[in-house]
Amino acid sequence: MVARLVIAAPSSGAGKTTVATGLMAAFAGRGLKVSPHKVGPDYIDPGYHALATGRPGRNLDAFMCGTGLVAPLFAHGAAGCDLAVVEGVMGLYDGAADQGELASTAQVAKLLRAPVVLVVDASSQSRSVAALVHGFASWDPEVRIGGVILNKVATDRHEHLLREALGGSGVPVLGVLRRAPAVATPSRHLGLVPVAERQAAAVEAVAAQAEQVRAGCDLEGLLALARSAPPLDAEPWTPASDAASGAAGTPRPVVAVAGGAAFTFSYAEHAELLTAAGAEVVPFDPLRDEELPEGTAGLVIGGGFPEVYGEALSANARLRKAVAELARSGAPVAAECAGLLYLARSLDGRPMCGVLDADARMTERLTLGYRDAVALGDSALAAAGTRMRGHEFHRTVIEPGAGEAPAWGLRQPERRVEGFVRQGVHASYVHTHWAGAPGTARRFVEHCGRSRA
C-alpha cells in the first residue's frame, strides 16, 4: 500500500501546482521516495513534479485511458514509493464537458480511495472560507476532504480570522501559506513555461516552493493523512500488453523521439510501451542535432512549442531535410500537435520540413478540449475504424486542416475530419495516450521493422 494524497482546489489558479510541487520536494528532501502524478492531460506540470522528486511525472486521465486504468497506472508509477502526491486539475468537481464527473479530480480521488487536501485562495475572504470548504466537503460523500491549505494569506490577523472560521467545520487546517513571489512560475499562451526551457530558474522555483511548504504546512499531519488511505485493490499496469512477438535476437528498430525545449510534451508510458514492443528508443533534439539518430527506422514527434522556437527549428536545415527524406522513404512517423506543425511546409512563414502540403501559423484563439476520434484509414498508428480518445490544446491553425486522407474523424464538440495520413506519416493535432489504446505502440514498431527491412 502506498500512502497518497490528492491536492485539489475549488477552481483553477488557487495554487495547486505550487502546493503539490512544494509538498513533493519537501517530502523528497526528507528522504522519502515520492511518486508524482497529475490528473488530466496536462504535460507541463509533470515536468516540475519530476524535478521535485527525481521520478517521472505521470498523468492519470480517466477520459483518455478509461476509469478502469486510473488505479493500475497509479500503482505502476507509485511502485516502490513511500508516498504519492496527485495534483488535481481545474476545480475539484470539474471534468470533461457534458460528461458529469468523468475525468474530474473528484472521480480520480474516488478511484484511488485517496484523501483530498483542498487548496483555497484565501486572499479575498475571511469567514466565508468556512462556507466554501463546507460546501466542497459535503457535495459528494464519497470524496473525503481530509484537510485544507490556505494560500495567499495576507497577515497574521487574516490567518487568525480564517482559522477561527474553520474551527467548527470539521476539516483541519493543514497549512497556511503567505504570498511569495519567489515560488511563482511564469506562464505563456498554453500555461506554465516548461522546465526544459528554464532549467536553472525552475530548480530555484521548486526549491522555493519546498521551503514555503516546509515553513507553512503541517508535514506530519499531511503524511498521517496520506497514510490513512485504505489499501488499493489494483494490479499495476504494465506495458507488456504491447510486447512484440518476434523471434528472439531480432535487431530492435530504432525509434527516434523528438525532445529538447521545443518538444517537451510526452507521456512517460509511451517510451515504456515502445520499448516493450521491441523498439530501441533514442531521444534527439531538433534544436541542436543536425542528423537523426543512426539507424532511425521510425520517428515520434510529440507536442511542445515549435512556434516559440520557429526560427531555430527552421535554421536547422540539415535535420529538416533528414526528416523529410525519412518520411518520403515510407518510414513510420507519428506527429502530434507540435510535430504536425514541424512537418508542415511552413510555420509563421518560416520553412519547416515540408512533409505536408500545409502551412501553419499562430492565432489568438485557443482550441482546447477532449476529443472522441475514429481512424478514417489504415496508418502506422491505427487500423481503419479504430476508436481512440484524445485532447487538443493549441493556439495555432494549419491550412488545410486535413489532407486527402485525414487522420481522424472527430465526433465532439463538432463533427469534422482532421489531420494527415500519407505513406507512413500520421500527423494530427490530437494528443493521445497509448496506454489507453493497447496495440498502438506494437503496431507502430511492427511498421518500423517492416520499413527497415
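This report describes the overall form, one sheet, one pocket and one cavity of a predicted protein model.

## Overall form

The protein contains 14 helices and 22 strands. Its radius of gyration is 23 Å, close to the 22 Å given by the globule rule for 453 residues, so the protein is as compact as a globular protein of that length. Along the principal axes, the C-alpha atoms fill a box of roughly 70 × 45 × 40 Å.

## A six-stranded sheet

Strands of a sheet pair through backbone hydrogen bonds, and the pairing is either parallel or antiparallel. One open sheet in this model is formed by six strands with mixed pairing, and their order is β11-β10-β12-β13-β21-β20. At the edges stand β11 (280–284) and β20 (420–422), each of which pairs on one side only. On average, neighbouring strands of this sheet are turned by 15 degrees against each other, direction ignored.

The edge strand β20 pairs with β21 (residues 425–428) in the antiparallel sense, over three bridges. Here Arg422 stands opposite Val425 in β21. A helix, α14 (residues 440–452), packs on the sheet and touches β10 (254–258), β12 (296–301) and β13 (333–336). The direction of α14 makes about 145 degrees with that of β12.

## The second largest pocket

The second largest pocket holds about 860 Å³ of space. Its lining consists of 35 residues, and those closest to the pocket centre are Phe263, Thr264, Phe265, Ser266 and Tyr267. By class, the lining has 24 nonpolar residues, ten polar ones and one charged one.

Several helices and strands contribute to this pocket. At least two lining residues come from each of α2 (44–53), β10, α10 (268–276), β11, β12 and β13. The largest share, five residues, is supplied by α2. Among the contributors, β10, β11, β12 and β13 also belong to the six-stranded sheet.

## The second largest cavity

Two cavities of 30 Å³ or more are found in a search of the whole structure. The second largest cavity has about 30 Å³ of space. Its lining is made up of Ala335, Glu336, Leu381, Trp408, His426, Ser428, Val430 and Thr432. Of these residues, four are nonpolar, three are polar and one is charged.

Two strands of the sheet take part here as well: β13 and β21 each supply at least two residues of the cavity lining. In the order of the sheet, β13 and β21 stand side by side. The strand β13 also supplies at least two residues to the lining of the second largest pocket, and β13 is touched by helix α14.

Conventions
Residues numbered from 1 in each chain as written. Predicted model: local features only at pLDDT ≥ 70, side-chain atom pairs only at ≥ 80, totals over all residues. Heavy atoms only, no water. Pairing = 2+ DSSP bridges. Helix = DSSP H or I, 4+ residues; strand = E, 2+ residues; numbered from the N terminus. Axes fitted to C-alpha atoms, helices over the stretch in contact; angles between N-to-C directions. Contact = heavy atoms within 4.5 Å. 1 Å grid on protein atoms, 1.4 Å probe; cavity = no way out; pocket = protein on both sides within 12 Å on 5 of 7 lines; lining within 4 Å. Points joined across faces, edges and corners; volume = space filled by probe spheres on them. Nonpolar A, V, L, I, M, F, W, Y, C, P; charged D, E, K, R; others polar. Rg over C-alpha atoms; globule rule 2.2 N^0.38 Å.
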